[in-house]
Each structure stands twice: as C-alpha cells, then as structure tokens.
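Subject: Structure handover

Hello,

I am passing on the structure we spoke about. Please load it before reading the notes underneath.

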Amino acid sequence: MRNMVKYTTASVAVAMMIGIAGCGSPNSSNGGAGLDEKQQLLVWAWEPTVSKAKQGFEKEHPNIDVKIVNAGSSNDEYSALSNAIEAGSGAPDLVQLDFNAVPQFAISGDLEELSQYGFDSKMLSEYTKGAQSGVHINNGIYGVPIGGGPMALFYNKEVFDKAGVTEAPKTWDEYYEAAKKIHALSPDMYIAAESGSDAGIALSLIWQAGGQPFTVDGENITIDLKNDQGVKRYESLWQKLIDTKTIGWSDDWFRGLGNGKIASVATGGWMPITLQQSSSEASGKFRVAPLPGWSEDDTTSAENGGGSLSVVKGSKHAQAAYEFAKYVGYGPGEKILTSNGIVPDLTKTLESSEYQDQKKDYFGGQQVNKVLAESASNVKTDFQFLPYQVYGGSIYPDYMSKAFTGENTIAEQMAAWQAQLVKYGNGQGYRVTAK
C-alpha cells in the first residue's frame, strides 16, 4: 500500500476546496461533466439495495447511465480501490465505504470533499450523530451516509429459555452467566461464535465499553491497546469466555445460528436482514435486545458497520456521482434502502412511527426497529479510528486468531498488534507512540 498523505496536507486541501466551492459553480474545481451531459457513472457498491435505487435516479436524470459493480466487500473492495488509484486507471466515480474506512481514503486525498457539490453542514445535521462522525473528517464531508450499524444483541429466545435465561442479559456479567448455562445444554452449543477474524466487532465492543484506543491529533497518533479501560473490559470478558470454553466457532456460522448451536450475536443493526436470508430456519425464534451494559444503568451503544457513498477524487463525473449518492442516502432512494432492511441514518426516518412500529415475523412479531433506533440514540461519538484503519483491520486476524484458539491471551495479542500498528504508522510518516 502506498504512503499515506499526512493530516496537515489533507486539512489544507479541504480548506482550499471549501474556498473554491464558495466562489465558483459546482465542479468548477475539477471540470467534471454537468448533469445534462450524456455520461456513464461507475459505482462500486456491495450493498444490493443500492441497485434498487438506480431506476428512479435514471428516470430523473435520463442522460446519466448508472453502472453498479460489486468489487468485493470491505477489505476486498478497499484493496481494489487502492490499486486502481495507484495505477491511475480503473477507479470508480463513486464507492461504498464503511465508516471506519472513510478516514483513511479521505486523509490520503483519494476522496472529493462534498460541500463543493452541495452537501452542506445543515444537510449533514439531519443524520444521526454516529453517521455525522463517520463522514466528517478534518472539517470536511467525505461521503453521503447510506445506512447505520447501531449495535444490539440478537439472540435465540428458544435456546435462552431452554437454558433458563428467560430475559435478555442486561449486563455483560449476566451475559457471561448465560454463556455457561447455554453451553451446559450441550458441548456443541455456545452463546456466541468468535475466531478473532474481525477487528470491526472487537473495536465496536471496545467502543461500547468506553474505550479510546486510538487518539489522532494531526500527524500525532497515540495507540493504547494495553491499558485503555475499554480494551481491558473487552479482554476481561472475552478471555473468560475463551478460558471456560463457553464460546466456540463454526465454519458454517449461519447454519449454527439457524440450528441453535450459536445462540446469539452482538453486532450492527444490519443483522436482521442477514439472519432472515441466511438462517431462515430460525424464523420466529430470535429476538433483539439492547447490548448488555457494563453496569445496570449503562445504556451506551456503538456502531458496527454502516457507511457512505463517497466520490472518488478526480472523477470526471463527480457532480453526477454526488447526485446519485444524495438520491440514495438523502432523497427518494433512502426509503428504498430502509424498506429493504437498511437501518436509516436520517433521524426523521429513524424516529418515525412508520419505521419503528413495524413488526418482524422472523423476530416473533417484535418491533425490532424500536430497539435499533434507541441504540442509535445511545451511540458514543468520540471514538476515533486510525488514518490507516483499513490496514489495521487487514492484519488483525494474523494476531488475534491465536488468542481465540488459546495459543496466547487476548492481552498478549493486542500488544503484538499494537506494536505492528505503531511500526507501520511511523513508516507512513506519522508520529505514532504507544501507551
């Protein structure tokens, strides 16, 4: 991966772009095609509902042909995007990014700042605080939010009831006790499955635990994966689950969720549609509850997943790309996404009775969206990601898988991961220190 552009450079670039936008017409800074010109727009997006918004947009803009390509999800797409940008050809006009990836591509100068195309702070203020923080980097806006990932506990009530756990755990201590009871039902039954393969889940749980392992101040970065309170809480809980063998792993994760061998998952609000599509045999058995807290009155939540459509720097169709992103995440397309299971980022939709009062058959008729909306309102927004978080996530399994197989402890592997993150960051021109 190429060297990253430092924060100071990105800040200057943002200031220049905002200034240009204030004294010129949209797209005057890059000479892109206007909306009335015949053009084809290339969009990379793995979320299939984005394609469902295409028809309405093209009807409004008959000169614009939108071509949507699935270039892989998350890290696969990010690698392809980095390679295309590095090669100077093959990059899309518009790209779907998880919120944790937006900073890396924004800071490296690979995304267009959107205020020059019309996406201003007033529009951004209509989104949840989690979505705002996901695209607002160095005082610039680098994406139109298209869906959130407020976390919740998705659990198999039938299995929990059999284990004598008649209510969803309200604290992580209760969750641990439930894990022991569920595993006592059968040696191959677990409250959760975890292999140390997903940095996103770990960081989201650390976030919810009050953690702040990454502190970014311009070129100066501090990494604390050893002593941070949230990291310590995460390590304590999951190490106990590993040591007592009350969590496991299945090569066929969705089958395990479907047949009750895996009784719950703590993850983002995109999970309902995934369960319905991939674990249909568990229909009627699952319920949704707020994440367990670290005390009886702790309602803190975090984001896992969620993201934006971002305009790639130098696109010859930047204005059209922005207009499609706005259509999907702010205009008529937003309802299309929401009706297909995406958690809305626009607060007016999230708080509406039309959204919250929906009953989900898969979840026994529960009004699941009320839980997700409450979670979104309880997300802490001061969590920071590294400006090279994509790289950090890509190497995470190399370190943490050893902890979940019992070869080393989570604390030992967090320390090893931290050492590599510090080394890499310093090699990219940042000043990175470890606590």
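The notes below go from the overall fold to one pocket and then to two backbone positions.

Overall fold

Please keep in mind that this is a predicted model. The secondary structure consists of 20 helices and 13 strands. Along the principal axes, the C-alpha atoms occupy a box of roughly 65 × 50 × 35 Å. The radius of gyration is 22 Å, which agrees with the value near 22 Å that a compact globule of 435 residues would have.

Of the 435 residues, 54% are buried. Among contacts with a separation of 6 or more, 78% join residues 24 or more positions apart. The exposed surface of the protein comes to about 17800 Å², and carbon and sulfur atoms account for 48% of that area.

The second largest pocket

This pocket holds about 320 Å³ of space. Its lining is made up of 19 residues. Those that lie nearest the pocket centre are Lys170, Ala289, Pro290, Leu291 and Asp298. Two elements, strand 7 (151–156) and helix 18 (368–377), each give two or more residues to the lining. Helix 18 gives the most, with three residues.

By residue class, the lining has nine nonpolar, six polar and four charged residues. If you set up a calculation on this pocket, the five residues nearest its centre are the ones listed above.

Two positive phi values

Which loop holds Asn138? Asn138 lies in the loop between strand 4 (136–137) and strand 5 (140–141). Its phi is positive, at about 50 degrees, although Asn138 is not a glycine. With a relative accessible area of 21%, Asn138 is partly exposed, because the buried class stops under 20%.

Lys245 is the other residue to look at in the backbone. Phi of Lys245 is near 55 degrees, again a positive value in a residue other than glycine. Lys245 sits in the loop between helix 11 (229–243) and helix 12 (253–259). Is Lys245 buried or exposed? Its relative accessibility is 59%, so Lys245 counts as exposed, the cut-off for that class being over 50%.

To recap, the points to check on screen are the pocket lined by 19 residues, the loop with Asn138 and the loop with Lys245.

Regards

Notes. Residues are numbered from 1 along each chain as its sequence is written. This is a predicted model: local features need pLDDT of at least 70, side-chain atom pairs count only at pLDDT 80 or more; totals for chains, interfaces and linings use all residues. Side-chain values use heavy atoms; hydrogens and water are left out. On a 1 Å grid over the protein atoms alone, a cavity is a set of points where a 1.4 Å probe fits but cannot get out, and a pocket is an open set with protein on both sides within 12 Å along at least five of seven lines; lining residues have an atom within 4 Å of a point. Grid points are joined across faces, edges and corners, and a volume is the space filled by probe spheres set on the points. Helices (H or I, at least four residues) and strands (E, at least two) are DSSP runs, numbered from the N terminus. Ala, Val, Leu, Ile, Met, Phe, Trp, Tyr, Cys and Pro count as nonpolar, Asp, Glu, Lys and Arg as charged, and the others, Gly among them, as polar. The radius of gyration is taken over C-alpha atoms; the globule rule is 2.2 Å times the number of residues to the power 0.38. Buried means under 20% relative accessible area, exposed over 50%, partly exposed in between (1.4 Å probe, protein chains only). Contact means heavy atoms within 4.5 Å. Accessible areas come from the Shrake-Rupley method with a 1.4 Å probe; for residues, only the protein chains shown count as cover.
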